[in-house]
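Biologist: I am new to this structure and would like a close look at one enclosed space inside it, followed by the features that can be reached from there. Please take your time and tie each step to the one before.

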Amino acid sequence: MQMANEVLHRADAMGEQAMSAYRRLDALAAKDPCSKANRALLGEIAMEYNYLQAIGYVADDRILCSSAGRNGDGLSLGPTNYVSSTGTRIRTMVDVGIGTRFLILQKDHYAVAVHPQTLLDTLGGRPNVSLGIYGNSQHFLLASRGSHEPVWLTRPHDPSKPISFDGKYLVATATSAQFDLAVYAAIPRSQLESRLHAFILILLPIGLLLGGGMVALILVVARQRASLPAMLRTALKRNAFVLHFQPIVELASGRMVGVEALMRWPANKEVGERPALFIQAAEDCGLIGRFTDYLLRKVVLDARRFFDQHPDCYISLNLSPADLQSERVVKSLGELITTPGVAARNIVVEITEHSFLEPTSANRTIDRIRALGIRVAIDDFGTGYSSLSHLTHLKADYLKIDKVFVDAIGTGSVTSEVVLHIIEMAQSLNLTVIAEGVETPEQADFLRQHGVTYGQGWLYSKARPMVQILEQYGPS
Ligand code: C2E
Ligand code: CA
Ligand code: CA
């Protein structure tokens, strides 16, 4: 459900951006829509909206010119596939000649191009979930990834039962309140057992829907549901979580400038190496505050050893959205930086875009953290909720480019161009960029050449226990 909601959130943001772009262009009522000045404007507007890869002027089903330039006598778009209930003409899988297929949304004479991947492709670590975005009024599939069953589009939408089980798949549906859009997320039953955390959210509705044959599964699930928070609590009490550290390096020199602390749960074979899963579970069952406390307590020992040898480096700590909803974390961070051997300049906190669902309290907490002298990085940028508007208000220090965008470098896909937009935007906001998930020298070169200062990834080092980091990087 959470994934369906997340994709819907993005699809809605994309819809809002498209509407906003149409409104601005309509207001223009240009005499020559393809004049040089107008094309420059299309380019400017396209840059401003992170989900719109290009904007074009359309007449007779041909794009005459676009933010990417003039198109001679026009590029044929082919027939419209779907007209939404709000009158937007939608074409799917349009090949604009650069090897990538776009979703084209047209209103009157203007059309925007959206890369479906930017809506669907960002949920790292959860590859088994099939996702689709569709026009709700006529059950028309606009973009999808993974398996697809036509019946998923025609499920009756009952907001009190957002999740159903079709015998093979568990399907969650989220419907837009604003646009003629809906999203499904489907996961095969065989995957369920390994996805404990998802159960916490979805158990009840499935329980109501399933027939007798599924009773056994419900029982298994119900046991896990009861025991997962208990397991997490016990593990916290037993000090069962350990910290690994992944170096963050200056791309130009390879010099380490800091490390990111990443949690591991060695005793748990299934999810121990995948904090995204158990941290998510902790968030779902309201235990995340205790995890953050644990993290801040646990990091002290390693921090002192680390700063002893690398006094100018920092340790970057991940905070969860819930941490920013209270003042508690400010107090704990205050205690951390008064520990002997640890200074405010040695600490960075990473927060994700999801934190800005509650922007007021998040901003207040961030201001207080920065007032302590601790720097703030925006993590997983580009994968969450459309954040441009929050970002411009936000006072942060670093922006971390998510691995999906780094992965796209050199693939020729539109996502690869998104990297350049993110870099440019970060620079205009005075944020220093850190690229995540750098795996190849080519990616590192590209990033460096385009003004990215720092990088982190397997090219340099995986996350490791502090002793190994200290062995790998001698005293500075
Ligand atoms: P994140 O903050 O985005 O952390 C970066 C993730 O990318 C880490 O995964 C890291 O091991 C992985 N990574 C880095 N470079 C590469 C690369 O070159 N290739 C590949 N394939 N992966 C790379 P990890 O350790 O599994 O952590 C996953 C997520 O769990 C983190 O994502 C973070 O959101 C969360 N997390 C981990 N520890 C904590 C914590 O102490 N507190 C909170 N709130 N969240 C945490
Ligand atoms: Ca992080
Ligand atoms: Ca990240």
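**The second largest cavity and its surroundings**

Modeller: α1 and β6 (101–107) each supply at least two residues of the lining of the second largest cavity, and everything said here about that cavity and its surroundings comes from a predicted model. Of these contributors, α1 is the one to keep in mind, since α1 gives the most to the lining, with 5 residues. The lining consists of 16 residues, and those that lie nearest the centre of the cavity are T88, I90, L105, F179 and L181. Sorted by class, the residues around this space are 11 nonpolar, 4 polar and 1 charged. The volume of the second largest cavity is about 160 Å³, and a search of the whole structure finds 4 cavities of 30 Å³ or more.

One of the residues named above, I90, leads outward to T80, for T80 touches R89, I90 and R91 when residues up to four places away in sequence are not counted. T80 itself sits in the loop between β3 (69–76) and β4 (82–83). Its relative accessible area is 24%, so T80 is classed as partly exposed, given that buried means under 20% and exposed means over 50%. From T80 one can also look across to T92, which is 12 residues away in sequence and 8.3 Å away in space, taken from C-alpha to C-alpha.

Returning to α1, the helix that gives the most to the lining, one can follow the chain onward to a disulfide, and a search of the whole structure finds 1 such link. C34 and C65 form this disulfide, with their sulfur atoms 2.1 Å apart. The two partners come from distant parts of the chain, 31 residues apart, with C34 in the loop between α1 (2–28) and α2 (36–48) and C65 in strand β2 (residues 62–66). The rotation about the S-S bond is -90°, and the link is left-handed. C34 and C65 are both buried. A further cysteine, C313, has a relative accessibility of 5% and therefore counts as buried as well.

Further along the sequence there is a metal site, which can be read in a similar way, by asking which residues take part and where they lie. The calcium ion (ligand 2) has as its protein donors E260 (OE), N318 (OD1), E350 (OE) and D379 (OD), which lie 2.1 to 2.3 Å from the ion. Along the sequence, the donor residues follow the spacing E-x57-N-x31-E-x28-D. Among these donors, D379 also bridges to another ion, the calcium ion (ligand 3), and the two ions lie 4.0 Å apart. E260 belongs to strand β14 (residues 256–264) and E350 to strand β16 (residues 347–352), so this pair ties together parts that are 90 residues apart in sequence. Both E260 and E350 are buried.

A last stop is T365, which is found in helix α11 (residues 359–371). With a relative accessibility of 1%, T365 counts as buried, because the limit for that class is under 20%. Leaving aside its neighbours within four places in sequence, T365 is in contact with D323, L324, S326, E327, V329 and V330. The two threonines described here thus fall into separate classes, because T80 is partly exposed and T365 is buried.

Conventions. Residues numbered from 1 in each chain as written. Chains lettered and ligands numbered in written order. Predicted model: local features only at pLDDT ≥ 70, side-chain atom pairs only at ≥ 80, totals over all residues. Heavy atoms only, no water. Disulfide = S-S within 2.5 Å. Helix = DSSP H or I, 4+ residues; strand = E, 2+ residues; numbered from the N terminus. Buried < 20%, exposed > 50% of the residue type's maximum accessible area, 1.4 Å probe, protein only. 1 Å grid on protein atoms, 1.4 Å probe; cavity = no way out; pocket = protein on both sides within 12 Å on 5 of 7 lines; lining within 4 Å. Points joined across faces, edges and corners; volume = space filled by probe spheres on them. Nonpolar A, V, L, I, M, F, W, Y, C, P; charged D, E, K, R; others polar. Donors = N, O, S within 2.8 Å, 3.2 Å for Na, K, Ca; no water. Contact = heavy atoms within 4.5 Å.
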